[in-house]
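Visitor: Please take a close look at one part of this model, the salt bridges, and explain how they are placed.

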Amino acid sequence: FSNLGKSFEEKSLREICDVITKGTTPTTMKFHFVDKGINFVKIESLDQTGNVLDNKLAHITRECHDSFKRSQLIENDILFSIAGALGRVAIVKKDLLPANTNQALAIIRLLNVKHTLPSYIKFYLKSPQVLNQINKNKAGVAQLNLSLEQMREIKILIPSLPEQHTIISKLDTLSIETKKLEAIYIQKLADLDALKKSILQKAFNGELNGVHS
């Protein structure tokens, strides 16, 4: 992000958003979670890389969903965790809907998704530039809940649309390569663990050179 050149504008989130809001915990309004129903997104529903985990979604009734109109999600909404595990980010996809969320996740709804790409904003919200802005708000507090007003004032550098596409493409490629390396690393750890167990088993059986039962 530091090499965007001169073709970018600095804007606050409030300037590029139609809505920045959050939800409510159903139990505070005397609703209850159910086994099946409308998807309800919590912080734990988002992983570190921005995926929404189906097996970590809660569910609410249609009545509850209809009562929480402010936090009903739509496609391309950006979710940003503002309590506890700060800074988890995800984009709402069509297959998640209908869905709702609670007060720990800010809902960021862009004014024009054709001019400002949700994927670009998602990446930027995870950048050091935004993390530095969040850390300034902490002011020595161990655990901070960001307010919606603080979210609205976060500064975003917005390049031209072609540059946004270029940045997204490069970061997507890096993300894919990172996942491949993580998979290789995990497999090597598993292989190493299996080798250790095999050596221990042979040692216990006196099958190693110089080891006698």
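**Salt bridges up close**

Guide: Glu-149 and Arg-152 both sit in helix H5, three residues apart, which is about one turn of the helix. In this predicted model, the two form a salt bridge, with their closest N and O atoms 3.5 Å apart. Salt bridges with shared partners join Arg-14, Glu-149, Arg-152 and Glu-153 into one network.

Within that network, Glu-149 also meets the side chain of Arg-14 in a salt bridge, at 2.4 Å from N to O. This pair links distant parts of the chain: Arg-14 belongs to helix H1 (residues 13–16) and Glu-149 to helix H5 (residues 148–152), 135 residues apart.

How accessible are these side chains? Arg-14 has a relative accessible area of 37%, so Arg-14 is partly exposed. Glu-149, at 41% relative accessibility, also counts as partly exposed. Arg-152 has 22% relative accessibility; buried means under 20%, so Arg-152 counts as partly exposed.

Another salt bridge is formed by Asp-77 and Arg-109, whose closest N and O atoms are 2.7 Å apart. Asp-77 lies in the loop between helix H2 (62–67) and strand S5 (78–81), while Arg-109 lies in strand S8 (residues 105–110), so the pair ties together parts that are 32 residues apart in sequence. Both Asp-77 and Arg-109 are buried, whereas Arg-14 is partly exposed and so is Glu-149.

The count for the model comes to seven salt bridges, including the one between Arg-14 and Glu-149 and the one between Asp-77 and Arg-109.

How values were computed:
Residues are numbered from 1 along each chain as its sequence is written. This is a predicted model: local features need pLDDT of at least 70, side-chain atom pairs count only at pLDDT 80 or more; totals for chains, interfaces and linings use all residues. Side-chain values use heavy atoms; hydrogens and water are left out. A salt bridge is a side-chain nitrogen of Lys or Arg within 4 Å of a carboxyl oxygen of Asp or Glu. Helices (H or I, at least four residues) and strands (E, at least two) are DSSP runs, numbered from the N terminus. Buried means under 20% relative accessible area, exposed over 50%, partly exposed in between (1.4 Å probe, protein chains only).
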